[in-house]
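Work through the exercises below with the sequence and the model side by side. Try each task before reading its solution.

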Amino acid sequence: MSSLDAIAEKVRAGERISDDDALALYRSRDLLAVGELAALVNERRNGRRVFFNVNRHINHTNICVNRCRFCAFSRTADEPGAYCYDLDEIRNRAAEALAQGATEIHMVGGLHPDLPFEFYLDMLRTVRSVSPWLHIKAFTAVEIDYLARLTGLSVAETLAELKEAGLGSLPGGGAEILRREVRDQLCPEKISGERWLEVMAEVHGAGLKSNATMLYGHIESYEDRVDHMRRLRELQDATRGFQVFIPLAFQAENNPLGHLKNPLSGGVDDLKTLAVARIYLDNFANIKAYWVMLGEKIAQTALCFGVNDLDGTVVEEKIGHDAGASSPQAMGRDDIVALIRTAGRIPVERDTLYNELRVY
Amino acid sequence: MPADILARTAQGLPLSRAEALKLLTEADVLAVGKVADGIRRRLHPDNLVTFVVDRNVNYTNVCESKCRFCAFYREEGMADAYLLAEEDIYAKIAELVTAGGTQLLMQGGLHPGLGIEWFEKLFREIKARFPSVQNHSLSPAEITHIAQVSGLAVPEALRRLKEASLDSVPGGGAEILVDSVRQEISPKKIGWEGWAAVMREAARLGMSTTATMMFGSREKPADIVEHLFRVRELQDHGGSFTAFIPWTFQPGNTELGGKTATGVEYLKVLALSRIVLDNIANVQASWVTQGAKMAQVALFFGANDLGGTMLEENVVAAAGCRFRMSLEEMVGLIKGAGFHAAQRTTLYRTVREW
């Protein structure tokens with residue numbers, strides 16, 4: 001059993017902490033001590049600078065062959081509320097985003113049963129045609145696996161085609177909890193955790209960066225979370241392709257698994273999860289508090305618990321909000337800058353690949 | 001240096017106004033939180049977080065005070081102006097009792113037509129019908145107003161209300177206890193000394209009281225510090241405050257509008273409150289204005305109590321802030337933070353533990 005003091009010593013010495021250490025941090029009742037350690041790790045890496053970016057989400061379709069039980073967004077094609085944007089709708093949204101100063105389009109959607117692979121290439125080309133300066137971060141590992149099966153090409157070949165059409169990097173969604181026992185209950189149709197990691201290894205091998213997420217606060221245990229982070233840390237050691245880790249707080253409304261929300265997972269667990277991630281994932285440059293899921297207040301507080309990235313001025317987020325996220329659907333640049341400043345930090349606008357664009 | 005100030009504070013040495021201001025404006029929120037957390041643990045070593053099952057009954061929204069930060073008040077004669085009938089009030093209290101509640105918090109506007117007899121009759125009847133309920137009602141501004149309407153001095157009005165079974169006085173309407181700020185946000189409300197006079201008198205009569213602070217509107221950091229020290233000094237001189245409750249201005253639908261304090265600012269003010277007011281036993285987190293997630297986090301920044309479950313709340317809701325909380329959620333929230341949970345009475349006696 002690792003004591004907090006022994007772990008703190010390791011952290012101060014810059015040593016990697018073990019899985020047992022991470023568990024001990026999760027189980028610690030001293031939230032502020034864990035936060036302080038995470039803040040130390042972050043301060044060493046990133047000083048007092050906090051990143052945000054200006055982006056727009058385009059969720060091109062909610063029609064999905066998967067039926068993940070935690071998802072309130074997906075529909076079958078004939079269900080009320082099912083939609084699928086055409087290329088004009090995608091172009092208009094990208095053009096609007098560009099006019100608002102966005103540097104990134106974040107595009108993920110359902111696994112649509114009928115769209116041909118060519119449509120996905122056209123989506124990328126369409127956004128690229130709006131401006132070559134708009135970075136396209138699109139398709140989770142789950143979608144990449146689906147597209148590869150759709151085309152009959154290998155993952156590497158699929159990625160090469162998408163990259164050619166304008167794909168700039170990948171978001172980190174679909175990881176959920178990587179361990180099989182949890183996935184079997186949560187999202188039995190979705191690709192396995194092993195496959196998710198394989199696809200990410202291919203993504204990094206293709207010279208593309210990606211993010212990594214973890215959906216927590218449902219049926220998973222602390223051990224499951226640490227197992228999840230261990231696998232990410234191992235892959236990161238091998239590829240260095242992950243840019244940021246983003247824990248996602250489970251949203252309990254409008255979904256069949258809502259009753260399985262862990263009632264003990266609240267604001268304290270949110271902050272602890274971010275802090276433990278900052279300490280454990282020593283080979284990740286950035287830890288992000290996704291304010292859409294956490295709310296602005298917890299996301300801002302997280303800046304004192306090891307977080308150095310507040311995501312973007314997301315416009316038109318649908319997936320988290322369909323599940324009852326109560327945050328506003330968009331936050332303006334001024335709002336984000338003020339939030340970072342009042343936390344005593346320096347706001348830095350970045351692009352998708354974490355290049356600095358402007359210090360505020 | 002903030003670090004030196006914190007080190008001395010952690011040893012239990014008192015803070016000056018200038019030092020408190022330095023902490024508020026320059027110190028890291030986590031560092032202030034740690035000292036506050038230490039004081040919370042010292043004052044509440046049993047690892048217990050409490051809450052009360054209560055109901056706010058807003059008997060009228062007609063109010064002559066017309067505070068610029070308030071979205072609740074109406075002028076008499078307006079379409080949605082109301083005054084609850086006595087039977088409606090009793091029905092609400094009956095619901096509270098059925099839900100296992102122990103505290104009634106009646107609070108309303110400064111209604112020009114309600115003299116002390118209206119309250120005396122109502123309060124006597126409430127005590128007769130619901131003897132188990134603590135009548136924790138009327139803020140200092142209301143008590144002062146009732147005295148004026150009835151041509152009484154404040155001590156006499158308070159004595160009569162107590163006689164009529166008013167048990168304790170909540171600390172609402174304190175806003176910021178600095179008159180220059182009050183002039184800007186609530187020019188028609190009693191000044192800080194008027195607020196203090198009622199609380200001093202209530203304590204003298206043996207009634208327990210609480211103190212609040214609403215921040216995030218027009219005040220400066222120095223005003224927050226002044227407020228905390230004025231409350232501290234009142235308590236030192238015979239005050240009966242059982243709890244301090246800081247909460248943030250909610251700008252929706254108000255004349256003042258604009259922005260309010262952010263989450264980090266809330267936690268810092270909360271922690272500073274715990275440090276300065278170590279002569280008040282309890283500090284409440286405001287889930288009503290901060291939401292359940294932040295209220296839980298607040299338990300590590302000095303708070304040891306989550307206030308009421310509030311079967312009914314209308315004033316903050318009118319400003320667009322509508323968090324809800326069930327008993328199960330309240331208990332889950334406390335346990336999720338690693339504490340034992342207890343329902344308490346207004347006077348902090350345990351009713352039930354989880």
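How many bridges join β5(A) to strand β6 of chain A, and do the two run parallel or antiparallel?

**Before the solutions**

This is a predicted model; local features need pLDDT of at least 70, side-chain atom pairs count only at pLDDT 80 or more, and totals for chains, interfaces and linings use all residues. Residues are numbered from 1 along each chain as its sequence is written, while chains are lettered from A and ligands numbered from 1 in the order in which they are written.

**Exercise 1. Solve the opening question, then place the pair in its sheet.**

Step 1. Fix the terms. Helices (H or I, at least four residues) and strands (E, at least two) are DSSP runs, numbered from the N terminus. Two strands pair if DSSP finds at least two bridges between them.

Step 2. Count. Six bridges join β5(A) to β6(A), residues 242-249, and the two run parallel. In this pair T213(A) sits opposite I246(A) of β6(A).

Step 3. Extend to the sheet. The order is β5-β6-β7 in chain A, an open sheet of three strands with parallel pairing. Its edges are β5 (210-216) and β7 (286-287) of chain A, each pairing on one side only.

Step 4. Add the helix. Helix α11 of chain A, residues 267-280, lies across β5, β6 and β7 of chain A. α11(A) runs at about 160 degrees to β6(A). Axes are lines fitted to C-alpha atoms, for helices over the stretch in contact, and angles run from 0 to 180 degrees between N-to-C directions. Contact between two residues requires C-beta atoms, placed from the backbone, within 7 Å.

**Exercise 2. Describe the sheet that contains β4(A), and the loop that follows this strand.**

Step 1. Order the strands. β2-β3-β4 of chain A form an open sheet of three strands with parallel pairing. The edge strands are β2 (55-58) and β4 of chain A. From one strand to the next, the twist averages 20 degrees.

Step 2. Check the pairing. β3(A), residues 104-107, pairs with β4(A) in the parallel sense over four bridges. H106(A) stands opposite K137(A) of β4(A).

Step 3. Find the helix. α4(A) lies across β2 and β3 of chain A, at about 165 degrees to β2(A).

Step 4. Inspect the loop. F139(A) lies between β4 (135-138) and α6 (141-151) of chain A. Most residues other than glycine have a negative phi. F139(A) has a positive phi of about 70 degrees. F139(A) is buried, because 28 C-beta neighbours fall inside 10 Å. The cut-offs: buried means 20 or more other C-beta atoms within 10 Å, exposed means 12 or fewer, and partly exposed lies in between, with C-beta atoms placed from the backbone.

**Exercise 3. Is N253(B) buried or exposed, and why?**

Step 1. Locate N253(B): the loop between β7 (241-248) and α11 (263-276) of chain B. Its phi is near 60 degrees, positive although the residue is not a glycine.

Step 2. Count neighbours. N253(B) is exposed because it has 12 C-beta neighbours inside 10 Å.

**Exercise 4. Trace the partners of β9(A).**

Step 1. Take β9(A) itself, residues 346-350. Four of its five residues are buried.

Step 2. Pair with β1(A), residues 49-53: parallel, over four bridges. V50(A) stands opposite P347(A) of β9(A).

Step 3. Pair with β10(A), residues 356-359: antiparallel, over three bridges. E349(A) stands opposite R358(A) of β10(A).

Step 4. Read the turn. The hairpin of β9(A) and β10(A) has five residues between the strands, and there Y354(A) takes a positive phi near 65 degrees.

**Exercise 5. Analyse how α6(B) meets α9(B).**

Step 1. Geometry. The axes of α6(B), residues 140-149, and α9(B), residues 192-204, come within 9 Å and cross at roughly 90 degrees. So α6(B) is roughly perpendicular to α9(B). The classes are roughly parallel under 35 degrees, roughly antiparallel over 145, roughly perpendicular from 65 to 115, and oblique for the rest.

Step 2. Residues. α6(B) uses P140(B), I143(B) and T144(B); α9(B) uses G194(B), W195(B), V198(B) and M199(B).

Step 3. Classes. The contact has five nonpolar, two polar and no charged residues. Here Ala, Val, Leu, Ile, Met, Phe, Trp, Tyr, Cys and Pro count as nonpolar, Asp, Glu, Lys and Arg as charged, and the others, Gly among them, as polar.
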